[in-house]
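Hi everyone, thanks for coming. Today I'd like to walk you through the surface and the empty spaces of one protein. Let me put it up on the screen.

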Amino acid sequence: MTRLTFLAGAALAAFAGLPALAWAADPAPDGDNPNTGATAVDTLVVVANRNPEPLYKIGQSVTVLDAQAIRQSQAVSVDGLLDQTPGVAVVRNGGQGQTATVGIRGAQSEQTLVLIDGVQINDPSSPAAGFDFSNLMVGDISRVEVLRGSQSVLWGSQAIGGVVNIVTTPPPAGTIGAELNAEGGSRHTQYWRGAVGGTFDRLSLRLAGGYYSTAGISVFDGGQEPDGFHAGTFSGRLLFDLSDALQLDQRVFYNQSKAAFDGFSTPTFSFGDDTEYGTESEVVSYSGVNLTAFGGKLKNRFAFEYARTNRRSFDPLSFSAPITETFYGDGASKRFEYQGTAQIAPGYTAVFGAQHERTSIVTGAPAFFSP
């Protein structure tokens, strides 16, 4: 499927001088964001207007969860983090690693647009192109912006309920540095995270990875066989200044997981404590060029974005053995995007652009149709 979208005057901030309403979750009387400890003046939001704007200038309902808020939540997965956000409903079919969907303001999960580092990652091969948050760990995520309400003009038809914008940690300023975190708990649960990065003259780089594993509990009520979950993530960001006006921007994100679950056992086809499991991998890539002109009054962004989700389900006790693969789904999207931001006059900003998208899906159920 191919789609061409034009965004013209999508975020015309001609009313910046007029009184504007902006709020986060349960705003404090003085306008501060209790989730981050930052004031509305300090907090910049990208997702609302596709351009960094101070929170106090935004007329939509936005919650910003920064690195401090993420640490304080002690959530290990993004769905656990969003479950603590007002106006967001998370539905998970069991413990960690089981299918998790997110709806905003009562909208369906497929009406929530999800982005990682500016790349739309909704899975075209899932029903209505919804996104499964089950294997998305917090990892090296430094910021999550939740935009509530219909945003179809700026973000397309999938953003009827709202937008979840996930941003990984950018390269740090200064010399090279590294960090390592490790956590452990019951049911053989372990969580490892590490990162390294720094700035070298015109080059800024950060590489990060993480691994989460748990023996889990049985999804089937009263079951004896535990349904474990294992997930590994990798992310990287690179910025290279070719000149004062031209910059290369490369971002990558990879996630792979394996989760056991209980389903309808063969050959009885009754729900029970069986040995089914599924695997999922996600690849996200962003390659961009940032060009500044007219003394910074016009900023241009040219980008190629790629996202692919591969899902597999297996039943070792399938009646079609040795063919045990019960389902596969492979969805991919390629997107070419241009966005321009022009400072028309003091207090007046125009955001415009164009986008071309092509999506593809392949699905099947081998074990049910093979001899």
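Let's begin on the outside. Eight residues, Ile176, Val196, Phe200, Leu207, Phe234, Val252, Tyr254 and Val283, make a nonpolar surface patch of about 610 Å². Please keep in mind that what you see is a predicted model. Strand S12, residues 189-200, gives at least two residues to this nonpolar patch, and so does S15.

Let me pick out one member of the patch, Val252. You can find Val252 in strand S15. Is Val252 buried or exposed? The answer lies in between: Val252 is partly exposed, and its relative accessible area is 30%.

Now for the pockets. The largest pocket has a volume of about 1,200 Å³. Its lining comes from 44 residues, and those nearest the centre are Val46, Arg50, Asn51, Pro52 and Arg301. Which elements give two or more residues to that lining? They are strands S9 (141-148), S10 (162-168), S14 (227-241), S15 (246-260), S18 (277-293), S19 (298-314), S20 (325-345) and S21 (348-364). As for character, the lining of the largest pocket holds 17 polar residues, 14 charged and 13 nonpolar.

On to the second largest pocket, with about 780 Å³ of space. Here 36 residues form the lining, and Thr99, Asp132, Phe261, Arg311 and Ser313 lie nearest the centre. Strands S15, S18, S19 and S20 each supply at least two of the lining residues. You may recognise those names, as S15, S18, S19 and S20 are also among the strands that line the largest pocket. In the second largest pocket, the lining divides into 17 polar, 10 charged and 9 nonpolar residues.

Finally, let's look at the enclosed spaces. How many cavities of 30 Å³ or more does the structure hold? There are 3 of them. The largest cavity contains about 40 Å³ of space. Around it sit Ile121, Phe131, Glu282, Val283, Val284, Ala307, Arg308 and Thr309. S18 and S19 turn up once more, each with at least two residues in this lining. By type, the residues lining the largest cavity are 5 nonpolar, 2 charged and 1 polar.

One residue is worth a second look before we stop. Val283 lines the largest cavity, and Val283 is also part of the nonpolar surface patch. Thanks for listening, and do come and turn the model around yourselves!

Key
Residues are numbered from 1 along each chain as its sequence is written. This is a predicted model: local features need pLDDT of at least 70, side-chain atom pairs count only at pLDDT 80 or more; totals for chains, interfaces and linings use all residues. Side-chain values use heavy atoms; hydrogens and water are left out. On a 1 Å grid over the protein atoms alone, a cavity is a set of points where a 1.4 Å probe fits but cannot get out, and a pocket is an open set with protein on both sides within 12 Å along at least five of seven lines; lining residues have an atom within 4 Å of a point. Grid points are joined across faces, edges and corners, and a volume is the space filled by probe spheres set on the points. Helices (H or I, at least four residues) and strands (E, at least two) are DSSP runs, numbered from the N terminus. Ala, Val, Leu, Ile, Met, Phe, Trp, Tyr, Cys and Pro count as nonpolar, Asp, Glu, Lys and Arg as charged, and the others, Gly among them, as polar. Patches are made of residues with over 30% relative accessible area and no salt bridge: like charges are joined within 9 Å, nonpolar side chains (Val, Leu, Ile, Met, Phe, Trp, Tyr) within 5 Å. Accessible areas come from the Shrake-Rupley method with a 1.4 Å probe; for residues, only the protein chains shown count as cover. A salt bridge is a side-chain nitrogen of Lys or Arg within 4 Å of a carboxyl oxygen of Asp or Glu. Buried means under 20% relative accessible area, exposed over 50%, partly exposed in between (1.4 Å probe, protein chains only).
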